[in-house]
Amino acid sequence: MTLLPICSFIIVNYNGLRHTKDCLKSLQKLAYPEQLIDLIVIDNCSADDSVTSLRELFPKVQIFVNSANNFAKALNFGISEAKGQYICFLNNDATLDRHWLEILIKRLENDKKVGAASGKLLFKDGRINSAGIQQLPNYYWQDVGFGEKDAGQYDTEREVEGLCWAAVLFRRECLEDVGPIDEDFVMYFEDVEFAKRCHKRGWKMLYTPAAIAHHEYRGSSKGSKLTEYFCNRNRFLYLAKHEPLQLVKAIHTSDFFSNKQYDLLFESLFVAIKKLLDYQKPEIVAAVVPQLAEKLAVIYSRSKIDRILPRLQVVRGDRKMSIAIYDHGLHFIGGGQKYVATAASLLQNEFDITFITNKPVAVSDLESWYGLNLSGCKIKLIPLEFYEKRAMQCIDSSIIADDMENPFDEIAKESKNYDIFVNANQLEKVKPLSPISVFFCHFPNTFRNSHFAVDDYTFIIANSQFTIKWLDKRWNLQPTFLLYPPVEMAIAKVPKEKIILAVGQFEAGGTKKQIELIEAFRSLLTNYPVELQGWRLILAGSSVPKNPYLKTVQNLVKEDARAIELQVNAELDEIKSLYARSSIFWHACGLGEVNPQRFEHFGMATVEAMQNSCAPIAFCGGGQPEIVEHGRSGFLFNSVEQLCQYSHQLIVNPDLLAELQASAQQRSQNFRLAPFEKKVKSFFEIIHQEYATIRLPNPADIAQMLDRP
C-alpha cells in the first residue's frame, strides 16, 4: 500500500464508561497514522453520564446519542456518519493489539472480493473467544473455538461463514452493497443475518489469525438472560427472512419451547411472522402460515392464533384497527347512547368502527338524534333469537337465569372479528373475545350473576364517581379511569321565558319521574297562583310505541293543558330551542327510590340545560351532586316539597335566578366536549400504539419471564 486509507471505528456505548475509556485508549496505541483514524461513539441512551465524561476525556472523538437503546440502529447511525473507506465495528468492552488494523487493511486491500475480515478474538485470560462463526444443527450458531485454550489450532487464515462483531473490519463498498443492518434484531444474531446477505451478494468473510483483539465477554451487555432472549428470538427472525420453510420446525427445537416460556415464544413468533410477510413471496407465506397455526394450536387458544394475521395487518399499516361498539339499546334515544356515539365520531378517522345492535337502527338516525357526524361508521344488526321470539323491544339481561343458555354468546362470537370490542352500555353477560376490550359502565345494574363476564374486559371506564362507588360495592371492580360524558348543547342566546323544563325518556318504569314533576307543578300553581301566572312546565323526551307510562302522563296533562305541555320524540332542534328559552330545569330521577340503579348515574340533560343558562333544580342523588353545586350553580332537593320551595324562591327572586343561571352556565364548562375528546383520543392512541407497534419487553420483564418454571 502506498496511500493508506481512512478507517472509521464505530463503538456503541450503553452505561459502559469504564469499558469505553479502555477501548478508546487502545485505539490511541494503534500502529496507524492518527489522522487517518475516524473515531465515532454512538451512545445508546446511557444514564451513567458517559457522554459528558467521554467528551471531556476524548475531545477528538465524535460522540452521538442514539434515539433508542438499539445496537443495530446505533451501528447504522455510525455508518451514516463514518468517513472511512473501511469501517470497524468494535465493542466497547474490546481492545485491539497494536497491529490489528494494519494487518486487516493490508489483507482487504489485496483481495477486493473480501467484504469483511477479523482476527483471533481472545478472552482476557488468553482463551479463544472467536475464530469466526459457524452454523450448528437446527440453525443455531456458535463462535469457532469458544472457550478453548489457544494452542495454535486456529492459526490458519480461512474463509468463514461469519465473523464476530466484537471486532470486525468492513469494506465500505460491502456495507453499501448489502444494505443497512436489520434493526429488528436489536442485538445478537444481527451479525449472522448480515453475513448471510453478504454471501448472497458474493462477498467473502475472512478470518486472519495474526490480527489479535481481546474481549471482556458480555462486559457491554450485562446479564446472560438478555443475551439468551435475543439470541432465541432473533433465530426465528433469521429463519423467517432467509429460511422460511424451516420456521415451523424451529419451534420445538427452540429454548423458549423447551423451557415452557410460552409468552416469549409467542411474541418472538409474532415478530417472525411479520418478517415473513415483509420478505417472502405470497406463495411461501401461504405455505408456512397454516403450518405455523397448526403447530401453535397445541400450545395456545385458537382465538389467540386467529388474531395473529389481522393484528399484523395493523402493524404493517395494511388496514386501520377495527372497533366494534355493542349497544343493546342503540335503537333508543338516550344519554348513554350519545356518550359512546360521540366517542365514535371522534375516532372514526383513525379507526374502522362498526356499531353492533340487536334492533334495526340506521347511522342517519344516530346522526339526527345526537347532532353528530358518523359518516365513517357502519352498523351491523344481530337479532337475538331469545328476545325476538318474545317480541321484546328492550333487551333485558336480568331475565336470563343460571340454567339458561346465554343469548349474548352471539355477540361474543362476533367480537372475535375486531381488534377492539366496546361494550357500550354495561351489559354484563357479553364475554369479549377480541384482543382488546373496553367495558363502558354507566352503572352496574345487576349483581354478579349467571354468565357474568365483566372480569374478562381489558379496561373498564366509568361515567361518574357515583358509578365508581357502586362498581366497587356490587362487582368489586375498579375502573381504568373516569370519563364524564361530553355535553355540547349551548346555542345562541334568546330571551328567557317563564318555562320550567324537564328532559328525559318516558321510560316504562317511570324513572324520570314525570308524574311527580306534574304533581309538583300543580302544587306550585295551587299554592302560588299569582307568582306562577304565565309559567309553564314542559316535559320533553323519547318514548317507545305503545308506552303505558306515557299514556298515564298524557292523561294527567289533559287536566292542565294550558300550563303543562308534552314534547314526545321531539327533533333535536326543538329540544335545543326549549333549552334556550327555558329559565329553570327540573330533574327528579331517583326521587323516592331505594335501588341506586334507578338514580341518574350522571345527568347529561342537566348539563345541557346549564350550558343554556337554565338554573337547575335536581334530585340530590346519583351523579347530580357531581354537576350541581348546591346554592351556587343550582339547587339539590330530596323531596317534592323542597323542589317546590327552591322553584318558588327562584320565581319570585329574579336576581337570584339570574345569578344561578350565570353560575350554572360557567359550571357546565367542566363537562364540555374538549376534556372528553382529549381523554378518549389519548386512551385509544395508547391502545393503538401498543397494538400496532412491535415493542420489546424491557430487560427486567425478560428476566422475569425467563425465570418462570
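A residue is called buried here when its relative accessible area is under 20%, exposed when it is over 50%, and partly exposed in between, with a 1.4 Å probe and protein chains only. By that definition, buried residues make up 56% of the 709 residues in the protein chain. The model you have open is a predicted one, in which local features need pLDDT of at least 70 and side-chain atom pairs count only at pLDDT 80 or more, while totals for chains, interfaces and linings use all residues. Residues are numbered from 1 along each chain as its sequence is written, and side-chain values use heavy atoms, with hydrogens and water left out.

**The whole chain**

Begin with the full chain in view: its C-alpha trace spans about 115 × 55 × 40 Å along the principal axes. The chain holds 26 helices and 25 strands, which are DSSP runs numbered from the N terminus (helices are H or I with at least four residues, strands E with at least two). The radius of gyration is 36 Å, well over the 27 Å that the globule rule gives for 709 residues, so the chain is more spread out than a compact globule; this radius is taken over C-alpha atoms, and the rule is 2.2 Å times the number of residues to the power 0.38.

**The open sheet**

Next, select the strands E22, E21, E20, E23, E24 and E25, which in that order form an open sheet of 6 strands with parallel pairing; two strands count as paired if DSSP finds at least two bridges between them. At the edges you will find strand E22 (564-568) and strand E25 (635-637), each of which pairs on one side only. For a closer look inside the sheet, show E23 (residues 584-587) and E24 (residues 615-619), which run parallel and are joined by 4 bridges; Phe585 has Pro616 in E24 as its bridge partner.

**Helix H22**

Now add helix H22 (residues 604-611), which lies across strand E20 (499-503), E23 and E24 and runs at about 175 degrees to E23. Such angles run from 0 to 180 degrees between N-to-C directions, with axes fitted to C-alpha atoms, for helices over the stretch in contact, and contact means heavy atoms within 4.5 Å. How many of the residues of H22 are buried? The count is 8 of the 8, so the helix is largely enclosed by the rest of the structure. These buried residues, among them Met604, Val607 and Met610, pack against partners including helix H14 (335-347), helix H21 (572-581) and helix H24 (654-667). After H22 comes Ser613, whose phi is positive, near 60 degrees.

**The nonpolar cores**

Turn then to the largest nonpolar core, which has 114 residues, with Phe9, Phe89, Leu90, Trp100, Leu169 and Phe170 having the most contacts inside it. Such a core is a set of buried Ala, Val, Leu, Ile, Met, Phe, Trp, Tyr and Cys residues joined through side-chain atoms within 4.5 Å. Helix H10 (residues 262-279) gives the most to this core, with 10 residues. Apart from it lies another core, of 40 residues, among them Ile515, Ile584, Trp586 and Phe637.

**Two loop residues**

Finish with Asn15, in the loop between strand E1 (7-13) and helix H1 (17-27), where phi is near 50 degrees, a positive value in a residue other than glycine. Asn15 is partly exposed, with a relative accessible area of 34%. Lys260, in the loop between helix H9 (255-258) and H10, likewise has a positive phi, of about 60 degrees, although it is not a glycine, and at 56% relative accessibility Lys260 counts as exposed.
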